[in-house]
Amino acid sequence: METITKEQITALVNLQQIEIDTGSIKTNLNNVDRRLEKLDSKLIAFKQVIEEQQSVIDELNQKYRNYEADVRLNLDSIKKSEAKLSSVKTNKEYQSSLKEIEDLKKKNSSLEDDMIEFLDDLEQAEGSLKSKEAEYSELQKQVNTDKEIIHRETEEGKRQLENLDAQWKTICAGIDTALLKTYNKVKSTQNNDVAIIAVIEAVCQGCHMNIPPQMYNELQRGDHLTKCPMCQRLIYWKDTSKRSE
Ligand SMILES: [Zn+2]
């Protein structure tokens, strides 16, 4: 068994913490683009709702204009028929012209009823568009705020990474090369990258198995490099009897 000092164990534990912190910051930074895209797609989806609403209104307006044109045509026909009344020769012709005028007036009256309904629909659609537009501008503000936060977090993350990297180099320089090699080798075999782990009251905190009593006694001396017989991680004794920690 390799000998080791408590300072070296502490250095390894610190090194590992720096690597874990670095990893989580890098994961956050890698998520930045996805988070920004998500915010943009929220805006795009909302914009689409507004555009759909606008096209409903355009359609209603077009239909309303068509009704107006029909009403105008009927009014022209009524005028012509009324003008014809004075020149008709027989009573039969007179009655049929009157009937024609009556029918056209009925048609227009029903068209005008429809138009009133249309105006109601249009008013409702325009009201709903207005409130959607207001919501959109609120969402835009929120998205801009969120983006600013993400940008600030990104800058902060990059600064933290630089700090951690400097600390990592300093700690690495203080650790014996062979020990560092062992640490990296153990780390590469662990799927969660945890190479060194505390043993508390004879239980390995990596795999939660009990350490054999003899090994636990030796571990408490803290002068030898020891591996957990179950998970093969480097282990060290953590004294929990000292409450001040
Ligand atoms: Zn273990």
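This report describes the fold of one predicted chain, from its overall shape down to single residues.

The structure is a predicted model, in which local features need pLDDT of at least 70 and side-chain atom pairs count only at pLDDT 80 or more, while totals for chains, interfaces and linings use all residues. Residues are numbered from 1 along each chain as its sequence is written.

## Overall shape

The chain holds five helices and four strands. Here helices (H or I, at least four residues) and strands (E, at least two) are DSSP runs, numbered from the N terminus. Along the sequence their pattern is α-α-α-α-β-β-α-β-β. The radius of gyration is 41 Å, well over the 18 Å that the globule rule gives for 245 residues, so the chain is more spread out than a compact globule. That radius is taken over C-alpha atoms, and the globule rule is 2.2 Å times the number of residues to the power 0.38. Taken along the principal axes, the C-alpha atoms fill a box of roughly 130 × 35 × 35 Å.

Of the 245 residues, 9% are buried. A residue is called buried if 20 or more other C-beta atoms lie within 10 Å of its own, exposed if 12 or fewer, and partly exposed in between, with C-beta atoms placed from the backbone. Two residues are in contact if their C-beta atoms, placed from the backbone, lie within 7 Å. Among contacts between residues at least 6 apart in sequence, 72% join residues at least 24 apart.

The domain assignment gives domain 1 (6-26 + 176-237) and domain 2 (31-158). Such bounds come from an automatic or database domain assignment. The centres of domain 1 and domain 2, taken over C-alpha atoms, are separated by 71 Å.

## The sheet

Four strands form an open sheet with mixed pairing, in the order 2-1-4-3. Strand 2 and strand 3 (226-227) stand at the edges with a single partner strand each, so one side of each has no neighbour in the sheet. Two strands count as paired if DSSP finds at least two bridges between them. The table lists the pairings.

| Strands | Sense | Bridges | One facing pair |
|---|---|---|---|
| strand 1 and strand 2 | antiparallel | two bridges | V199 and C204 |
| strand 1 and strand 4 | parallel | four bridges | I196 and L234 |
| strand 3 and strand 4 | antiparallel | two bridges | K227 and L234 |

Strand 1 and strand 2 form a hairpin with two residues between them, and E201 in the turn has a positive phi of about 50°. A202 lies in the loop between strand 1 (196-200) and strand 2 (203-204). Its phi is also positive, near 70°, in a residue other than glycine. With 16 C-beta neighbours inside 10 Å, A202 counts as partly exposed.

A positive phi of about 60° is found at H208, which is not a glycine. H208 belongs to the loop between strand 2 and helix 5 (213-221), and its 9 C-beta neighbours inside 10 Å make it exposed. As background, most residues other than glycine have a negative phi.

## The nonpolar core

A nonpolar core is a set of buried Ala, Val, Leu, Ile, Met, Phe, Trp, Tyr and Cys residues joined through C-beta atoms within 7 Å. The largest one has 17 residues, of which L12, I196, V199, L234, I235 and Y236 touch the most other members. Helix 1 (6-30), strand 1 and strand 4 (234-237) each supply at least two residues of this core. Helix 1 gives the largest share, five residues.

Leaving aside neighbours within four places in sequence, V199 is in contact with C204, Q205, I211, L219, I235, Y236, W237 and K238.

## Helices 4 and 5

Helix 4 (residues 177-189) is hardly covered, with one buried residue among its 13 residues. The expected span of a helix is 1.5 Å times one less than its number of residues. For helix 4 this gives 18 Å, and the end C-alpha atoms are 19 Å apart, which agrees.

P213 lies in helix 5. P213 is exposed, with 9 other C-beta atoms within 10 Å. From C-alpha to C-alpha, P213 and K185 are 26 Å apart in space, and 28 residues separate them in sequence.
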